[in-house]
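Subject: Structure handover

Hello,

Here is the structure I promised to pass on. Please open it alongside this note.

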Amino acid sequence: MRQYWANAIQKISSSSRTSHQSSRPHFRLSSETNVVDARIIKTGFDPNTSRCNFEMGAFVKGGEVSKARQLFDQMPNRNIISTNTLMSGYVRSGDLRSARELFDGLTHRTNVTWTIMIGGYGNQDNPVEAFRLYADMYGYGIEPDYVTFTTLLSGFNDEGMTNQVIQIHAHVVKLGFDSTLSVCNTLMDCYCKARCLDLAFGLFSETMGRDSVTYNVLITGCSNEGLYKEALNLFIRMQNAGFEASEFTFAAVLSASIGLGSLALGQQIHSFVIKTNFVWNVFVGNALLDFYSKQDCVEYGKKLFFEMPQLDGVSYNVIISGLAWEGKYNESLDLFGELQQTKFNRAEFPFSTVLSIAANTLNLEMGRQIHCQCIVTAVHSELQVGNALVDMYAKCGQFEVANRIFGNLASKGTVPWTAMISALVQKGHYEDGLKIFSEMCRSSTSADQATFASILRAAANLASRSLGKQLHSVIVRSGFMSNVFCGSALVDMYAKCGSIEDALQTFQEMPKKNIVSWNALISAYAQNGDGTGTIKQFEEMVSSGLHPDSVSFLNVLTACSHCGLVEEAMQYFNYMTDVYDLQPRREHYASMVDVLCRSGSFDWAERLIAKMPFEPDEIMLSSILNSCRIHKNQELAKRVADQLFNMELRDAAPYINMSNIYAAAGQWENVAKAKKAMRERGMKKVPAYSWVEIEHKMHVFSANDKSHPRWEDIMRKIESLARRMEEQGYKPDTSCALHNWDEDVKAESLKYHSERLAIAFALISTPEGSPILVMKNLRACPDCHAAIKVISKIVGREITVRDASRFHHFRGGYCSCGDYW
């Protein structure tokens, strides 16, 4: 080392002599040069080390950490700057272990060394270790500077570090950094992220020399905490103070506009964005796209998207998700195809959104293609994508695949459990859905409102009132009773279990009510065949200040159909367009056609169909055919059947209905032809079955079913009832036995229809006087309807039967439908 400095001094002296000999006038070596030379010698400055540090810094900035390491290892002389530079390279690349090895190997550490390591842990979302390092640094007597504080505080992103933030705040004040604006702004941001808005506002009021960042931090904090009006007031104060808004300001204020649900306010902000020339900023453009999407104004969002001067992957993600949310799947998929042609990061593509489209459209092939792309881009293991894959495969009926993906999820939260339950329930696998829910509870995973809505639907479709009550208790204990969707699902569950009283009580106990909860109550009355009650609840909803939607009117029209309220149906159908500016959909026309045909007004129904903006579909034509069976209108039935048989039918119901019409008229040849046509198209009649819940267990019966363990007891009860029914004047309607059999055989077969077996079993299995609830998958026949009226009078019990179309409440020989069904 001494030789090196001797040579350096000799070169400088030689240079000075040469200059003196060759130049006129004569100059001496300046005193400044002597000072620099002395400092070089005194400090041990090494130009080679300095040059290597500079090169190493260039490698680090370029992301070439391995080259930086090679150079570091080759350096004959290193200093603390060398180590700090390489440590910062490891921290930037996320290799915290290598950075820590260098850190731990140092005997001398500077403020910068500690700050680099603290920042590394902060970037890795490990604020606890960052705080521990800060405490060690302070313990070693190394004083932090403002960079240390801002670096440390930047890693605190949740409310779990509130106590540590308060301790650091005390250090900031103690060391005199409370007048440093960048430290105050970072502290304020920490308080906002820790949901301590009171402390953030306190610091804001004490901060001198605020800047736009100060305001942005607090505006964002208020917006994130739902204090939308406070956020807007701060924005106004910021403008009045003369600070210019930045892209972060606009993002926070637009978020507040979303929270307030104010389209007008958001549009004003949009105008301000244009005025301040921020429309070119892609970050602000994306915030505007998000605003319009969440205000259900996706058309505005589309217009903005195509006008934006610059787009990024986020822009595509927002508009694709917005279109999908609005049900505009084709447009959403077109933009996804366009996104795939860009060079944006494929790992950030909206795969979960596109998978949800595949799930909702039951497009398994598309879902599989997206799954392959997820695997190629290595995002299939991400939580959100994994959840979407489970949902897609489950909704497409691929439960084995869904279960396998579900089993491989790194974290099984509420979402994938709910996806499995929801899909099973939607596919009619109610008991399997309940089993998954039980497993979810055993895994200690908390259910949310979507989980409860799905599982309540399972209980409703099974007509398991006891299960529904258990779920009601779980919802109360979980604190979801105040959730309007859970409350509405409970109302619907009780209604479908035939308990309108429980449905009404649940509705009345709900702390908040919206259009969904009112529709659930109106639907409850409609399903139970109470037309007057349905209309009364509809009018009460209107009186409460809520505007009815298309679902509200559909419920009223359904009730009118069940009760034969033709004039009322016409009145409310006209209200839709004349009063509430709602365009009737296909289902509203179908209900109106059903109302008219059930009342025998076939001419009026045909006129309404002629005015429809679309052709009648299978559901509408099947409804007409059913009314033709009731009113024995064989001519119209043939015309409607011809239309139906030329369609791609989903099931055999139209063929069954037509064969029943022929059978009732005794036209057995035509019955045979209808059944032959059904077989030729590969369709099978859905077998009728009924079920009843006894002591928390479901007992299922089909016609003439002798498989039940208590079959002999059931048969004896049926025979006993038959004798007493005959004494009451009941005579079997053999026209309901749609076979070319002897009359006695027909009458005998009617006694063993599935609903009668279920009722007989319930009578011998429950205490006298207790109500009975029976479910049936198909429509009950007229003879069973008449028979159950007589049975209810004989046994003195309320018997409720829910068939495929509605509830029938039998009491004392009468039915709630008034024999209009």
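Below is what I found, from the whole chain down to single residues.

Confidence first. This is a predicted model. The protein chain averages a pLDDT of 86, and 93% of the residues score at least 70. The exception to keep in mind is residues 1–35, where the pLDDT is below 50. Beyond near neighbours in sequence, that stretch has 13 contacts in the model. Where pLDDT is low, the predicted coordinates should not be read in detail.

Overall shape next. The C-alpha trace spans about 140 × 55 × 55 Å along its principal axes. The radius of gyration is 38 Å, whereas a compact globule of 821 residues would come near 28 Å. The secondary structure amounts to 44 helices and six strands.

Packing and surface. Of the 821 residues, 47% count as buried. Take the contacts with a separation of 6 or more: 61% of them join residues 24 or more positions apart. The chain exposes about 41,400 Å², and carbon and sulfur atoms supply 51% of that area.

One surface feature is worth a look. I274, V279 and W280 form a nonpolar patch, with about 290 Å² of accessible area together. W280 sits in the loop between α16 (263–275) and α17 (282–294). Is W280 buried or exposed? Neither label fits: its relative accessible area is 46%, so W280 counts as partly exposed. The cut-offs behind this are under 20% for buried and over 50% for exposed.

Then the backbone. Most residues other than glycine have a negative phi. Two residues here caught my eye on that score.

- A463 has a positive phi, near 55 degrees. It lies in the loop between α27 (449–461) and α28 (465–478). Its relative accessibility is 7%, so A463 counts as buried.
- H696 also has a positive phi, near 65 degrees. Its place is the loop between β1 (689–694) and β2 (697–702). At 63% relative accessibility, H696 counts as exposed.

So both positive-phi residues sit in loops, A463 between two helices and H696 between two strands. Their surroundings part ways on accessibility: A463 is buried, while H696 is exposed.

Best wishes

Terms used:
Residues numbered from 1 in each chain as written. Predicted model: local features only at pLDDT ≥ 70, side-chain atom pairs only at ≥ 80, totals over all residues. Heavy atoms only, no water. Patch = residues over 30% accessible without salt bridge, like charges linked within 9 Å, V, L, I, M, F, W, Y side chains within 5 Å. Areas by Shrake-Rupley, 256 points an atom, 1.4 Å probe, with all protein chains shown as cover. Salt bridge = Lys/Arg side-chain N within 4 Å of Asp/Glu carboxyl O. Helix = DSSP H or I, 4+ residues; strand = E, 2+ residues; numbered from the N terminus. Buried < 20%, exposed > 50% of the residue type's maximum accessible area, 1.4 Å probe, protein only. pLDDT = per-residue confidence, 0-100. Contact = heavy atoms within 4.5 Å. Rg over C-alpha atoms; globule rule 2.2 N^0.38 Å.
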